[in-house]
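Please go through the salt bridges and chain contacts of the complex shown below. The report starts with single pairs of side chains and then turns to the interfaces and to confidence.

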Amino acid sequence: MKRLGKWGLLPLFAAIALLSGCGEPFLSTLQPAGEVAQRQFDLMVLSTSIMVGVIVVVAIIFIIVMIRFRRKSENEIPKQVEGSHTLEIIWTVIPILLLLVLAVPTVSATFQLADVSPAEEKNDEGKTDALVVNVRANLYWWEFEYPNEEILTSQDLVVPTDEKVYFNLIASDVKHSFWIPAIGGKLDTNTDNVNKFWLEFDGEKADEVGNIFYGKCAELCGPSHALMDFKVKALPRAEFDQWVASMQAVKEPVQAETAEAQAGQEIFNNSCIGCHAVTPANTTPEQARMGPNLTDFGNRTLVAGILEHNEGNIKTWLKDPESIKPGNKMTGKYNLSDEEIDAVTEYLMGLKVQE
Amino acid sequence: MSTNAQKKGFGAVLWDYLTTVDHKKIAILYLIAGGIFFILGGLEAMIIRIQLAIPDNNFVSAGFYNEVLTMHGTTMIFLAAMPLLFAFMNAVVPLQIGARDVAFPFLNSLGFWLFFFGGVFLNLSWFLGGAPDAGWTSYASLSLASEGHGIDFYSLGLQISGFGTLIAGINFLVTIINMRAPGMTYMRMPLFTWTTFVASALILFAFPALTVGIFFLTFDRLFGSNFFDPTMGGNTVIWEHLFWIFGHPEVYILILPAFGIFSDIISTFSRKRLFGYSSMVFATVLIGFLGFMVWAHHMFTTGLGPIANAIFAVATMAIAVPTGIKIFNWLFTMWGGSIKFTTPMLYAVAFVPSFVMGGVTGVMLAAAPADYQYHDSYFVVAHFHYVIIGGVVLSLLAATHFYWPKMFGTMLNEFLGKITFWLFLIGFHLTFFIQHFLGLMGMPRRIFTFLPNQGLEIGNLVSSIGAFFMAVATIILLINIVITSVKNVKVGNDPWGDGRTLEWAIASPPPYYNFKQLPLVRGLDPYWIEKMEGKKEMTPAEPLGDIHMPNGSFIPFMISLGLFIAAFGAMYRLDYGWGLPVLIIGLVITFGSMFVRSIKDDHGYHIHKEELMDDDDNKGVKA
Amino acid sequence: MHAEEKMTHETWPASPEKATLEAKNKFLGFWFFLGGETVLFASLFATYLALKDKVPTADHVLAKDLFEMPLVFLMTMILLTSSLTSVYAMYHMKNFNFKKMQLWLGITVLLGLSFLGLEIYEFNHYVHEFHHTFSSSAFGSAFYTLVGFHGAHVAFGLCWIVSLMIRNAKRGLSLYNAPKFYTASLYWHYIDVVWVFIFTVVYLMGMVG
Amino acid sequence: MANQQSTSGNPRVDLEYRRKKNVEEMRYQVITFALMIFLTLIAFAAVGFGDVSNWFTIPFILLLAVVQVIFQLYYFMHMSHKGHEAPQLFLYSGALVGFLTVLAFMTIIWW
């Protein structure tokens, strides 16, 4: 009967694990850090509790059946019961009621989470009052454009906390899916059309995780699908405004200071600038933005979305990107010696819009 | 042709199976082929779990991993689960309704060979430049971008085997409507027959959508069309819709027969008629019907908009009601019964709570806004493995033990059977229960590796350990099969002693013409009714007479072979000069064989009364 | 009643297409197949409607510029008439009049061939006059696939009927081949059913824009 | 298949009766054909000559198509006869699935 005990306890474990919350706070949907994730979490808890109720009922009947109705003698012939209308009506009606309880909040949340009207209302300048971010997903990297602020950045999404941020999502090559588990559910980035939704980043929760949340690609998109991560810097509004201002201040590529960095800049201008911009203006057409924008590269939290941000890792990445992200589009596009890579690294580390 | 099994050479046996149109032999073919693909799919699953056992693992490369995960899903759904179900449908359903054979014996064989060649074609991709790597869903933007011929193997292979499935579906529908024995009314059909019927109807309406979708994919990749190319006006969401219009009913095509198998097993080993038979039938039909209204719940995050999402969310929840009815009916069939825990019954008993777990997460997934979190995460992986392993695979293992004596005339070893069961069940829960939490903790599905320090290590390790239990269980099952076949201890009509339905009233294995005289069915569970009245066999409904039998044919093999060859031609047409001629040769073989079939009269042959009576004398004692 | 039996006017049953178990199975199975075909064509129609006039550049031809009413009208009339002639054939089949059945089937085939000829002319016209090809746009792909699938059905139906006619030319009617003729005629009607929707949804709705 | 044979016992009389039934059916089929041609003409005319708005024309010609197809199914394909219960069920189920597909493709693929 040990087996029965285990099954009986499973839902209990499930409930405990759910309620206590688990996983890492910067990644887990069970530790919601924003209004959207919170609403979704509430819905999860509601549905889980209803379902645990169902499981308990089934488990009780199941255990009784297993204990009481084992065959005692080979000759016993039980009564051939046809059925029971009362019972059958009961277990038809009760589930319907339970589902209604679940359906109402489901439908209401579906509509509220899809409400992006503030991102459509243009003010006199032809811009929106709400913060809008255009997300463009590419094979294994993300681009974030701020149309109102007229800047763009890559890989590290920077957002203000405690206000609704509206996202327009599209993919430039194959379909991806934009997901920041701790902040809210995902939405696909289609190749055909723009998808829209909003998220909200909780200031306190952001504080607890050092202002960094993890984002992921949730739709199979090729060999390095697993590595198509991005980071979210959720900053208080004032700090966010500062960051925007310092980004906007970069009109020309920043000149490198040290000798090696200057050499690196030259190499960069010869080999890399075709794909990677180092100015944040969003004026270049999309087709020409073939690689991540590197304006604020020095402040990135991770290299290629997955490696710790240090010179060693940048060099490894530049030397052989294929070994880190199989199938990426940078492999084989340039040919640099070790010294040149050192110089470029030096240059890149200096690309910071803020100290 | 003689009825007595004679010692035949290997060549003769092989030829016999290549040309057979006998539903029992085709069942064995499906069982063998499906079993081999099941093991292949299992190996692929093991590669996945080994790769994911620890973070940053490099057991396999990223590209190869995507091929493995794609082939695991595709193989398990199309080449293992469905054919194995067809194996038991073929073996059992005609017997359950007291039919001589299926309605279209020739098409039955054609269906098998199409499936077989499609499956072989798909798996040859491993040796010919790489397997498909866009997931079993093969979403259009990725599958168009995928290099090499992997996706072409997918589309052409599935197209061929899909035709086979469609044919099998129509065949079962007609068999069940037209070939029932006297007295076998619709409301006396065993649940496995009913679920086969509904699943076949689902096949009939679901597979054409896949056929069309796959045609588009093939045309886009090989013939220059633009269905899914947004720059030319195309739209990738069309693929998603077509795929899921097929794909969701497909899930029910798999699970409904599993429900049927378990209904029969539970009622047999509880020695009770199925509780609420009519509501079980009603629930089956309702699930089949609703199965076509809910496909977009696989696309909640595609961006269909809140109206569509809300409608499909509520429709999806509705399916929980008939499913719930079934669960309680099973429980109350056992309630008051006399339960004997044979191996098949153990699977059936374990199925109930396992499937409830899969069912409740299904309802949770139906809540669209919450699904934005679950979708494409390991939560979904856990959910559908709970449904497909906890439902379909457990039913296949149960049916293997339950119907083995009927198919082969020998009993699988019960002790080994129970070991298989416990290892498999423990392994299954160990592997997949924790994956719910991995998903909620932010692990997307279809990732070839995960990074350390994101809280995902322990869960993945536990999951991988569980997978090994299931692998060991499968190996023990194989050992059991070998031992049983070598020992070859023959059993009688009703080896379990509790048989209720018609298939247990006939010898194990049944003679090639099935019932000598069609049985008279006097109620639900006809054999049980006769047994309760102290009779040993069914009352015949007709006098002993000549039996009309279909001729064997090699043409189904040739038709399928032609398509198999044509598929290579279609695929390599753009690369090599010989592609087009090969495509044409293949089609000529196929259509030529069809032509031969249609102009050559095939009236079958008759087994004469005298022969049948001789047969009686030879075999009468044994049963 | 066995399939091989030699039949006379007197023994010929009222529903020869369903007189034996094999025939009943064939009859039912074929109807189910048509049920599946309905979903197949619906998927093609749905795709066509979703991709109608979806073209990469503004200079690409659209549905309203493409279709011409007289040709479509002619094709429709031919196919509708062929439906009637195949009904005549089945009428004579039920009356055990093999010669007349063959005659009407022959007329059906001729009408089918002329339909197919017109369709080939039509496609050729679009390709050469309008550069509207299978590969030129998603609209083109969807159009040619939908109408082409129907055309392929017509072609297959013609081959089927012709081979039945030739194979049985010397043998006359029997309960073995009567269901074959019957299912072939069902198939032919079904092709007409699909065409009714094609001329309405593709051509007429295309012309109104 | 004895149930296919009639019960009068006299094959000649049966034959006459059946011939008459067949002729009668044929008459219905010719009428059906005439109606189908008529409906087709209206549909073409509605598009060719009608200056009516598309909001009327499109549903109207679709309705004509449906009516015509029902004629085709019930008279040409004999679905009005006995023994067509299963074909009807499955054809309509197919039509329902097909309708849902078309509906979905016209509403939720809009970009």
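## A buried pair in chain A

In this predicted model, the side chains of A:Arg289 and A:Glu143 form a salt bridge in which nitrogen and oxygen lie 3.0 Å apart. A:Arg289 belongs to the loop between helix 6 (259–271) and strand 11 (302–303) of chain A, while A:Glu143 belongs to strand 2 (residues 141–146) of chain A, so the pair ties together parts that are 146 residues apart in sequence. Both A:Arg289 and A:Glu143 are buried.

## A helix-to-helix pair in chain B

Chain B offers another such pair, for B:Arg221 and B:Asp152 meet through their side chains in a salt bridge with an N to O distance of 2.7 Å. The two residues lie in distant parts of the chain, 69 residues apart, with B:Arg221 in helix 7 (residues 191–222) of chain B and B:Asp152 in helix 6 (residues 150–178) of chain B. Are these two residues buried or exposed? B:Arg221 has a relative accessible area of 17% and is buried, and B:Asp152, at 2% relative accessibility, counts as buried too.

Helix 6 of chain B also holds B:Ser161, which counts as buried because its relative accessibility is 3%. Apart from neighbours within four places in sequence, B:Ser161 is in contact with B:Leu114, B:Phe115 and B:Gly118.

## A network that includes A:Arg71

Side chains of opposite charge can pair when their charged atoms come close. A:Arg71 takes part in a salt bridge with B:Asp498, where the closest N and O atoms are 2.8 Å apart, and in a salt bridge with A:Glu74, where the corresponding distance is 3.6 Å. Which residues make up the network of salt bridges to which A:Arg71 belongs? The linked residues are A:Arg71, A:Glu74, B:Arg271, B:Lys340 and B:Asp498.

The two chain A residues of this network fall into separate accessibility classes: A:Arg71 counts as buried, because its relative accessibility is 13%, whereas A:Glu74, with a relative accessible area of 47%, is partly exposed. Over all chains, the count of salt bridges by this rule comes to 33.

## The interface of chain B and chain A

The size of an interface is often given as the accessible area lost when the parts come together. For chain B and chain A, the buried area is about 7,900 Å², with 70% of it on carbon and sulfur atoms, and the contact draws 98 residues from chain B and 91 residues from chain A.

Across the interface of chain B and chain A there are four salt bridges, together with 30 residue pairs in polar contact, counting pairs with both residues at pLDDT 80 or more. On the side of chain B that touches chain A, helix 12 (residues 343–366) of chain B gives the largest share, ten residues. The residues of that side comprise 57 nonpolar, 29 polar and twelve charged.

## The interface of chain B and chain D

Chain B also touches chain D, in a contact that takes 21 residues from chain B and 14 residues from chain D. The area buried between chain B and chain D is about 1,400 Å², and carbon and sulfur atoms give 86% of it. How many salt bridges are counted between chain B and chain D? The count is zero, and the number of residue pairs in polar contact across this interface, with both at pLDDT 80 or more, is likewise zero.

On the side of chain B that touches chain D, the elements that give two or more residues are helix 6, helix 7, helix 8 (237–269) and helix 10 (306–318) of chain B. Helix 8 of chain B supplies the largest share, five residues, and the residues of this side divide into 17 nonpolar, four polar and no charged.

## Confidence in the model

The predictor assigns the complex an ipTM of 0.93 and a pTM of 0.94. Chain B has a mean pLDDT of 93, with 97% of its residues reaching 70 or more, and chain C averages a pLDDT of 92, with 98% of the residues scoring at least 70.

An exception to be kept in mind is the stretch of residues 1–5 of chain B, over which pLDDT stays under 50, and for which the model has nine contacts beyond four places in sequence. Where pLDDT is low, the predicted coordinates should not be read in detail.

Conventions: Residues are numbered from 1 along each chain as its sequence is written. Chains are lettered from A and ligands numbered from 1 in the order in which they are written. Side-chain values use heavy atoms; hydrogens and water are left out. Contact means heavy atoms within 4.5 Å. Buried area is the accessible area (1.4 Å probe) that two parts lose on being put together, summed over both. A polar contact is a pair of N or O atoms within 3.5 Å; within protein, one must be able to donate a hydrogen and the other to accept it, and residues adjacent in sequence count only if both atoms are side-chain atoms. Helices (H or I, at least four residues) and strands (E, at least two) are DSSP runs, numbered from the N terminus. Ala, Val, Leu, Ile, Met, Phe, Trp, Tyr, Cys and Pro count as nonpolar, Asp, Glu, Lys and Arg as charged, and the others, Gly among them, as polar. Buried means under 20% relative accessible area, exposed over 50%, partly exposed in between (1.4 Å probe, protein chains only). pLDDT is the predictor's confidence in each residue, from 0 to 100.
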